[in-house]
Amino acid sequence: MWQPATERLQHFQTMLKTKLTVLTLKKEPLPTVIFHEPEAIELCSTTPLVKNKAHTGYKVTYLGKVTISGSQFLSGCTESAVNGLCQRQLPIQEDAVPTNAILEIRPFQVRLHHLDGRGEATVAMDTYQVARIAYCTADHQVSPNVFAWIYREINDDLTFQMDCHAVECENKMEAKRLAHSMMEAFRKTFRSMRSDGRIHKSCSSDEFPEDSTPDDG
């Protein structure tokens, strides 16, 4: 049997009061529940509330990257690349380059969150797979505040190149902390991949010793 919309809403209101009374086990009078007619509800345009996500990591200045040659990387292998990247920054800096990124190091992935002119995080982010990082160091003669890593970049045609990325930290202790954080990420990634079978058991601790330390001087 058809009922007007107002009667249906009143019936629903009565049922709701009854159920709420049973659930709360109280006999106190419930506040009046006001139901609006569907036609009276207006759709208002609202601006979504966007909260700036605070990223955990180190505030750095990203100096850029340069492609290097070779496949075996030893102490000092990033010196020339870092020197060139630092020289590239000299014309645009006076006292110091403001921080423009946050470097976040975690197992499996390193994230470089770019900041805007006000120092707030943007949606722009570069990611680096820890398993493809061949080398990292915080030991540079040009500046003790620079932390660098060599990354195996895979191109669209499935060829690869080795890129040296560098960031300038607020001080040399921050650079050393980044080097140790990267080494810890190496350890956790290696252990997880070995337990999952992605690395053969033959890859023993001789290839990744437990007491190994990053090249941070």
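**Exercise 1. Work out what share of the chain's residues counts as buried, and what the accessible surface is made of.**

Start with burial: the chain has 217 residues, and 31% of them count as buried. Keep in mind that this is a predicted model. Next, take the outside: the accessible surface comes to about 14900 Å². Carbon and sulfur atoms hold 54% of that area.

**Exercise 2. Decide where the predictor's confidence drops, and check what contacts the model has there.**

Begin with the whole chain: mean pLDDT is 75, with 60% of the residues at 70 or more. Then look at residues 30–52, where pLDDT is below 50. Beyond near neighbours in sequence, that stretch has 15 contacts in the model. Now go to residues 204–213, where pLDDT stays under 50 as well. For this stretch, the model has 15 contacts beyond four places in sequence.

**Exercise 3. Lay out the order of helices and strands, then see how far apart in sequence the contacts reach.**

Count the elements: there are 3 helices and 7 strands. Reading from the N terminus, they run α-β-α-β-β-β-β-β-β-α. Now take the contacts with a separation of 6 or more: 54% of them join residues 24 or more positions apart.

**Exercise 4. Find the largest nonpolar core and the elements that build it.**

The background is simple: in soluble globular proteins, nonpolar side chains tend to be buried together. Here, the largest core has 24 residues, and L103, F147, W149 and M182 have the most contacts inside it. Now sort by element: two or more residues each come from strand 1 (58–68), strand 2 (101–106), strand 3 (109–115), strand 5 (133–137), strand 6 and helix 3 (172–195). Helix 3 gives the largest share, 7 residues. There's also a second, separate core of 14 residues, with V82, L85, A148 and A166 among them.

To finish, zoom in on W149. Leaving out residues up to four places away in sequence, W149 touches L103, Y128, I133, Y135, C136, D163, C164, H165, V167 and M182.

**Exercise 5. Explain why I154 can be part of a nonpolar surface patch.**

First, place the residue: I154 sits in strand 6, which spans residues 146–154. Then check exposure: I154 is partly exposed, with a relative accessible area of 35%. Patch residues need over 30% relative accessible area, so I154, at 35%, clears that cut-off. Finally, add the partners: I154, L158 and F160 make a nonpolar patch of about 330 Å².

How values were computed: Residues numbered from 1 in each chain as written. Predicted model: local features only at pLDDT ≥ 70, side-chain atom pairs only at ≥ 80, totals over all residues. Heavy atoms only, no water. Patch = residues over 30% accessible without salt bridge, like charges linked within 9 Å, V, L, I, M, F, W, Y side chains within 5 Å. Areas by Shrake-Rupley, 256 points an atom, 1.4 Å probe, with all protein chains shown as cover. Salt bridge = Lys/Arg side-chain N within 4 Å of Asp/Glu carboxyl O. Helix = DSSP H or I, 4+ residues; strand = E, 2+ residues; numbered from the N terminus. Buried < 20%, exposed > 50% of the residue type's maximum accessible area, 1.4 Å probe, protein only. pLDDT = per-residue confidence, 0-100. Contact = heavy atoms within 4.5 Å. Core = buried A, V, L, I, M, F, W, Y, C linked by side-chain atoms within 4.5 Å.
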